[in-house]
Amino acid sequence: MGKAVVLRVNGEEYELEVKPQETLLDVIRERLSLTGTKRGCETGDCGACTVIMNHKAVSSCLVLAVEADGAEIVTIEGLAKEGKLHPLQEAFVRHGAVQCGFCTPGMILSAKALLDENKNPTEEEIRRAISGNLCRCTGYTKIVEAIKACSGTL
Amino acid sequence: MEQYSVFGKPLPRIDAWEKVTGEARYLDDIFMPGMLYGKVLRSPHAHARIVRIDTQKAEALRGVRAVITHRDTPGVKFSFFPVFADKLPLCRDKVRYIGDEVAAVAAETAAIAEQALSLIEVEYDLLPAVTDLEEAMKPGAPLVHEDKEKNIAFEGHKSFGDIKKGFADSDYIFEDRYVTSKVAHCCMETHGCIASFDRLGKLTVMMPSQAPHTVRQEIARILDIPRSKVRIVVPAVGGGFGQRLVTDMKVPAAAILSRIARRPVKIVNTREDEFCTARTRYPYIVELKTGVRKDGRILARQARVLIDNGAYNDKGPATLNYAGECFAVLYNVPHVRYDGYGVYTNKQFGTAFRGFGNVQVTFATESQLDEIAEKLGMGPEEIRLKNANKPNELMSCGATVTSCGLVECIRETMKKSGWDEKRKMKTDLGNGWYRGIGMATMVHTGAGGRFYGYAATDTFTKISEDGCITVISPAPEIGQGGKMVVAQITAEVLGVDPSRITVINNDTDIIPYDLGAWGSRTSFVCGNAAKAAAESVKEEIFGAAAKMLQTTPGKLCARDEKIFIDEDPSKAVSFEEAAVYAVSNLGYPLSGKGRYTDPLAPQVGIDKKYGHHLPTFTFACHVVEVEVDSGTGEVKVVKVTAAQDTGRTINRHMAEGQIEGSILQGLGYAISEECVEDGGRMMNPTFADYKIQTAVDAPPYDVILIETDDPDGPFGAKGIGEPALVPLPAAVGNAVYHATGVRFKKLPLNQERVYFSLKKEKG
């Protein structure tokens, strides 16, 4: 029934047997217990489940686990290293970009994928990069400021 | 030296770290040993009689551990206000909206639970449904609740001054009708719970909640068990906005399933469940009549308000009443009459939502005020300044406004937005584009209310033997910063960094009794209690420090992690040293208790004379700039300038964050969001079809914090979580009118409505 896949998540390799209909989101949350990746809508509309897969931000609810076979995946748990926050995490804290926090992991990962590819994005590029990550609390200003503060520094 | 070393500063929130690392555990992140997955079978019909329910096949499915129907419930009708009780946890004879709870199952996996639902057979006898509020009011309309004579669920009336005289004395009278839409909270975390009964019959419910103590009472009532047998534990909460005040029937369903299966049961809404059943903002029809003198003074105001209640009472009666209170206060109108009716319809029902009725009524009053100003040849700012509330004024309704920054809010938004010049600019940009600028003001409570006859709370604060501080406070954390408010106030009193502080706020077995996060009350009520508790424990640590410095406590000061002699700051000990000294040398730990009491609250229940319901008021003025494309109907919001009376700002980042978030929710309400219903069915239950504002939609905001130093707030602060949403729909409508000359009296100003209206009015 299942299919064996190998996922590299936050630098660690996992060999798993997954069902054909199982999503990457299901696997990350329920099999790997990495619950920092949030389930917001399961239709790819809200961005709460964003992870970085092979250097691109993806909605993990829209990716089947079998499609992720062999992929390099980064979740929010993979950002802080040796007790030190990633600069984006630090900036979100410092700029007051976090309220309820439910969109925060996905938002930070979309920002990371952007900055990994484009070190000095314009405000418009930042807003476009996170336009698939819905936030109901902040009005986005402080999130954009936090991402701007990391431009050119990563 | 600045007056405060911690208070007011834009310091990082103490709960931000766990949120940026993904470590914060929300409800669905919690997995308990043996946990089952619950699902609710909901009515597919807007109105039908239940003829028969057969659960045998579902029960026989492998992996199903419990199936329940109304027979398994105590059958006690519920509503937030017991006097308005009308909802059974699981329907018995009738379903009243598409989504009404009929049965529930618990199984080993969510997939088995889902499959079990499909095996429950329910035979319905369809009834005519009434889904339009005005149709529902007509004689002979189908009755949503057959045991009632009509579909009027509740009424509310207020009368102050002499309305007849007010209109008789007026030079002009304006009458208009405004219609507001149904919108959803859209918390990014959908609602859910894990219920778990122990063998002694004590129920623990984990759930995102903004009022754990009142939810505890509600669940005890529905399950007909003592309150002492219910414990609510609140994990990290992914947004509230009013939606998480009153329990919905998932919680009792999960509890009963848990009692039968003897296992914890988790039920979590899908996004579609959330849109279709999690309850919404109440749509209002407001018939507004206003009398003014030639000079612009408002003499009389009368509103007839119809609320589309949906199938059941929830917070409807309270939003009706509250909106009337604000209606009576803004501009201190001498003669006021307010008559409201909540009307049952066969649709998803409403609940509390940021703004709480006030935003609906303010859309009417502030839209009409612009029309009045135009007729009188006045500017929108002029008529507002003419009527604006002032500090320490007695209102016609009996309330006294204490701190009040309305005039400053209007003047500052005008200055910062370039109001005077922009009002004069050409509005027709050619190519079918128009631009305009509009304003709206509002009043809102800044401190909850005395409606329950109780408005107090306690807080306990301890200093550990290592100098770390724990505050046990009932301040809910739903994203708005309740924990940080408590930490920042405590840190100011004790002269320490907030990072030294842990706040425990999420377990009804631990935290003091409190009414929860609503009415922007947390900063005021829980903030005052936290301040008192910090002052109490400060006496204790000053006792220790005085001994170390061989002085008396009265001569000491606490600041920057030190306790020192005020006259000679070089004589100092560190906060931590003093804490260690107390335990090691004096032989006792340090703790304090603080209480906020509102002595007026027990005297003023909901039915008593108004006037004393709201401990303090907050005011705001928003200026919105728009560009309107008559070719597509798009309303593009270019900028929002918002001034908010904060009393005193506790944390600038958090205050701005509340206002910026409110603005964008308000803009969504004004131009893009709407629960589209057809025959009682929600037609757009996804974020693809229900458009909340994204990062590319959000305009720049200029947020201005006006400090008025409230006499009763902690360090002068008052609550600001809700109010900044309130002026938005009217301000947008006024800006679009300025741009196009077309007045919109119905929300939202979405592309379709704007396009066709402009086409009709302008050709």
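Q: Quick one to start: is Arg500(B) buried or exposed?

A: Arg500(B) is buried, with a relative accessible area of 15%. Keep in mind that this is a predicted model.

Q: Which residue does Arg500(B) form a salt bridge with?

A: The partner is Glu561(B), and the closest N and O atoms of the two are 2.4 Å apart. Arg500(B) sits in the loop between α14 (482–494) and β22 (501–504) of chain B, while Glu561(B) sits in the loop between β23 (556–559) and β24 (562–565), so the salt bridge ties together parts that are 61 residues apart in sequence.

Q: And how accessible is Glu561(B)?

A: Glu561(B) has a relative accessible area of 24%, so it counts as partly exposed. Its partner Arg500(B), at 15%, is buried.

Q: Let's step back. How many helices and strands are there in chain B?

A: Chain B has 19 helices and 31 strands.

Q: How compact is chain B for its length?

A: Its radius of gyration is 27 Å, close to the 27 Å that the globule rule gives for 763 residues, so chain B is as compact as a globular protein of that length. Along the principal axes, its C-alpha atoms fill a box of roughly 85 × 75 × 50 Å.

Q: What share of the residues in chain B is buried?

A: Buried residues account for 66% of the 763 in chain B. The accessible surface of the chain comes to about 26200 Å², and 49% of that belongs to carbon and sulfur atoms.

Q: What about contacts in chain B, how many of them join residues at least 24 apart?

A: Taking contacts between residues at least 6 apart in sequence, 80% join residues at least 24 apart.

Q: Back to charges. How many positive and negative ones does chain B have?

A: There are 93 positive and 98 negative charges in chain B, and their mean positions are 2 Å apart. Over all chains, the structure holds 75 salt bridges.

Q: Which residue does Lys94(B) pair with, and where do the two lie?

A: Lys94(B) forms a salt bridge with Glu146(B), with 2.7 Å between the closest N and O atoms. Lys94(B) is in strand β4 (residues 94–95), and Glu146(B) is in the loop between α4 (133–137) and β7 (152–160), so to speak of distance along the chain, they are 52 residues apart.

Q: Are those two buried or exposed?

A: Lys94(B) is buried, at 3% relative accessible area, whereas Glu146(B) is partly exposed, at 39%.

Q: What does Asp598(B) meet in a salt bridge?

A: The side chain of Asp598(B) meets that of Arg450(B), at 2.7 Å from N to O. Asp598(B) lies in the loop between β26 (590–596) and β27 (617–629) and Arg450(B) in the loop between β19 (433–445) and β20 (457–463), so the salt bridge ties together parts that are 148 residues apart in sequence. Asp598(B) is buried, at 7% relative accessible area, and Arg450(B) is buried too, at 9%.

Q: Which residues are linked in a network of salt bridges?

A: The network links Asp26(A), Arg29(A), Glu30(A), Lys38(A), Arg39(A) and Glu42(A) with Asp28(B), Asp29(B) and Lys266(B).

Q: New topic: where is Thr522(B)?

A: Thr522(B) is in helix α15 (residues 522–549) of chain B. Thr522(B) counts as buried, with 8% relative accessibility.

Q: What is Thr522(B) in contact with?

A: Leaving aside neighbours within four places in sequence, Thr522(B) is in contact with residues including Ala475(B), Pro476(B), Gln480(B) and Gly527(B).

Definitions and conventions
Residues are numbered from 1 along each chain as its sequence is written. Chains are lettered from A and ligands numbered from 1 in the order in which they are written. This is a predicted model: local features need pLDDT of at least 70, side-chain atom pairs count only at pLDDT 80 or more; totals for chains, interfaces and linings use all residues. Side-chain values use heavy atoms; hydrogens and water are left out. Helices (H or I, at least four residues) and strands (E, at least two) are DSSP runs, numbered from the N terminus. The radius of gyration is taken over C-alpha atoms; the globule rule is 2.2 Å times the number of residues to the power 0.38. Buried means under 20% relative accessible area, exposed over 50%, partly exposed in between (1.4 Å probe, protein chains only). Contact means heavy atoms within 4.5 Å. Accessible areas come from the Shrake-Rupley method with a 1.4 Å probe; for residues, only the protein chains shown count as cover. Lys and Arg count as positive and Asp and Glu as negative; His and the chain ends are not counted. The place of a charge is taken as NZ of Lys, CZ of Arg, CG of Asp or CD of Glu. A salt bridge is a side-chain nitrogen of Lys or Arg within 4 Å of a carboxyl oxygen of Asp or Glu.
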